[in-house]
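The following exercises concern a two-part reading of a model, from whole chains down to a single residue. Please work through each task before consulting its solution.

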Amino acid sequence: MRLRGRVWKYGDHVDTDAIIPARYLNVSTAEALAPHCMEDIDPTFAAQVKEGDMIVAGENFGCGSSREHAPLAIKGAGVSGVVACSFARIFYRNAINVGLPILESAEAAAGVESGQELEVDLEAGEIQNLVTGETWRAEPYPPFMMGIIRAGGLVPYTRRNLVAGQGTAVVEGRGNV
Amino acid sequence: MGYTLSEKILAAHAGLAAARAGQFVDVAVDIVLSNDITAPIAIREFEELGVERVFDPERVVMVPDHFAPNKDIASAEQCRRVREFARAQGLRHYFEVGRMGIEHVLLPEQGLVVPGDVIVGADSHTCTYGALGAFATGMGSTDIAVAMATGRTWMRVPETIHISYHGSLQPYVGGKDLILYTLGQIGVDGARYQTIEFAGPVLEALSMDGRLTMANMAIEGGAKAGLFAVDERTRAYLDGRAARPWQAYQADDDAVYVRRLEIDVAQIEPQVAFPHLPENARAVSEAGEIVIDQVVIGSCTNGRLEDLRVAAAILRGRQVHANVRCIVIPGSQQVYLDAAREGLLEAFVTAGAAVSTPTCGPCLGGYMGVLAAGERAVSTTNRNFRGRMGHPDSQVYLASPAVAAASAVAGKIAHPASFDGQRDEEKAL
Ligand code: SF4
């Protein structure tokens, strides 16, 4: 999977209230949420973001609430992926589960500016700044997580497991990362 | 080497003899929770899975509390969706308005949380239940949908930070001040992906309400869970309340921790977390002159009976400042009833405060106290992110019920002890 797009860069601790304010949580589809994505920290984002664009941020992206509306709003806005120094735990799971690719790389996050173009090779974990030519490598996903991404999210992945009679087990690879 | 509480509870639920931090495990869950905001997506994804029934209608819990009683038509539609699903699935623990409370006040109170449980909830403050020695953590709706269908979920066993509190507490310092101070020390991502084990003599003496407040805000340090060991106080709380038999786990003396912190509480004053992060904690005496427009006393952090008692003790016989709207929200119907019987509600109303039925309401800027641009609130809630309680240019200061009540009277951020002296003078007259 390859992602390519223009960068929107933000700082540390971009919280879920910033990604999608709670006042809009009385709806739950990606399409309905997208027009309010990033509204409180960047009112220009939702109007100007283009299909394929990427978000690059600092530490602890997506901290705060468990609302899956956050990765849904980002996906609904057309964003193809998020690169950050680090992600908050619940957001990380949610993004994988809804099929929004995210990558952790402090070097890449530091080496990219708003408006520059980025290319990401998801399988290889490779991130390239197409303006400066710099390339970075992110930590690869554990195998079962890549399985979830390939299946298009946790629901299709689990459905496949259930159909295959593998019961409820969603963890394919055990071990330390 | 020994094992932490998280390692023991997760190993037991994975059917393994042992599990170590860093390991991925597939665990059975005891309770799966969602609310009126997160359940609609969970239900949608559950239906996508093509599974007919939830794994156990006794263990799937739904609480419409965020925008309920319905704040607008869209919320009403969401609540209806949850209600219809709960009925169709025969969920035993669906709590309708009138019996409802804020989920994290309600579940422990109703005995639905017991020590040793693994609980997953589509709400980040699910970690509250760690106060009872349950491994409880927040997840998104899709994870919850899969857990509702299968009764299982995957987890990465977290590393653990051990934080021990010793010394004697200053007057008016409680669980909220301890956790705000701790967040000030470790930062909002100081425990990211990790468990915090809260320990030490100060916490052994802390009430269950105070422990619930601390575990509640473990997520504000990025933690996956915030755990307390089970002790006599836990047993007393569960007595006559626990809905299921339970097993307590203890961390080993030689458990492996990634970090150990010792906190001497003697130096800790009542705390205030400044906008816009919970880690911006300061002593209230160093807050300076912060004039406020609103005070909120409630939420899953501080909406329990003890919290309302503390607030009422300060508000009784006084008046909320003319420029302040003070909103008190009991966390559950039981808390509401107890507060009524004890005369706390009368103290609030007489002081000029508004008292609401249980709801999250203003905590997340939903309704019942949304802030306008430029307005400042002191709130006993857990988050003060930009725009959390309303307009993006409004400001939220997090504090304990004692500081919130004192500030409501003073019209600015105030130390509760500043009313102590006054009270003594009144008494002397
Ligand atoms: S009271 Fe606030 S923090 Fe607690 S569950 Fe409700 S919205 Fe979330």
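**Exercise 1.** Determine what share of the residues of chain A is buried, and characterise the overall form of the chain.

*Solution.* The model is a predicted one.
Step 1. Of the 177 residues in chain A, 60% are buried.
Step 2. The secondary structure of chain A consists of 8 helices and 7 strands. With a radius of gyration of 16 Å, close to the 16 Å given by the globule rule for 177 residues, chain A is therefore as compact as a globular protein of that length.
Step 3. The C-alpha trace of chain A spans about 50 × 40 × 25 Å along its principal axes.
Step 4. Among contacts in chain A with a separation of 6 or more, 64% are between residues 24 or more positions apart.

**Exercise 2.** State how many positive and negative side chains chain A has, and how far apart the centres of the two sets lie.

*Solution.* Step 1. Chain A carries 15 positive and 22 negative side chains.
Step 2. The centres of these two sets are 7 Å apart.
Step 3. For chain B, the counts are 38 positive and 51 negative side chains, with centres 2 Å apart.

**Exercise 3.** Describe the overall form of chain B, beginning with its helices and strands.

*Solution.* Step 1. Chain B contains 15 helices and 18 strands. Its radius of gyration is 21 Å, close to the 22 Å that the globule rule gives for 429 residues, so chain B is as compact as a globular protein of that length.
Step 2. A box of roughly 65 × 55 × 40 Å, along the principal axes, is filled by the C-alpha atoms of chain B.
Step 3. Buried residues make up 65% of the 429 in chain B.
Step 4. The accessible surface of chain B is about 14,100 Å², and carbon and sulfur atoms account for 48% of it.

**Exercise 4.** Establish whether helix H1 of chain B is mostly covered or uncovered, and what follows the helix.

*Solution.* Step 1. Helix H1 of chain B comprises residues 5–14, and 8 of its 10 residues are buried, leaving the helix mostly covered.
Step 2. The buried residues include B:Leu5, B:Ile9 and B:His13.
Step 3. B:Gly15, just after H1(B), adopts a positive phi of about 70°.

**Exercise 5.** Locate B:Thr234 and decide whether this residue is buried or exposed.

*Solution.* Step 1. B:Thr234 lies in helix H9 of chain B, residues 232–238.
Step 2. The relative accessible area of B:Thr234 is 0%, so this residue is buried, the cut-off being under 20%.
Step 3. The side chain of B:Thr234 makes a polar contact of 2.9 Å with that of B:Asp231.
Step 4. Beyond neighbours within four places in sequence, the contacts of B:Thr234 include B:Pro115, B:Leu132 and B:Arg211.

Notes: Residues numbered from 1 in each chain as written. Chains lettered and ligands numbered in written order. Predicted model: local features only at pLDDT ≥ 70, side-chain atom pairs only at ≥ 80, totals over all residues. Heavy atoms only, no water. Helix = DSSP H or I, 4+ residues; strand = E, 2+ residues; numbered from the N terminus. Rg over C-alpha atoms; globule rule 2.2 N^0.38 Å. Buried < 20%, exposed > 50% of the residue type's maximum accessible area, 1.4 Å probe, protein only. Areas by Shrake-Rupley, 256 points an atom, 1.4 Å probe, with all protein chains shown as cover. Lys, Arg positive; Asp, Glu negative; His and termini not counted. Charge placed at Lys NZ, Arg CZ, Asp CG, Glu CD. Polar contact = N/O pair within 3.5 Å; in protein donor to acceptor, adjacent residues only side chain to side chain. Contact = heavy atoms within 4.5 Å.
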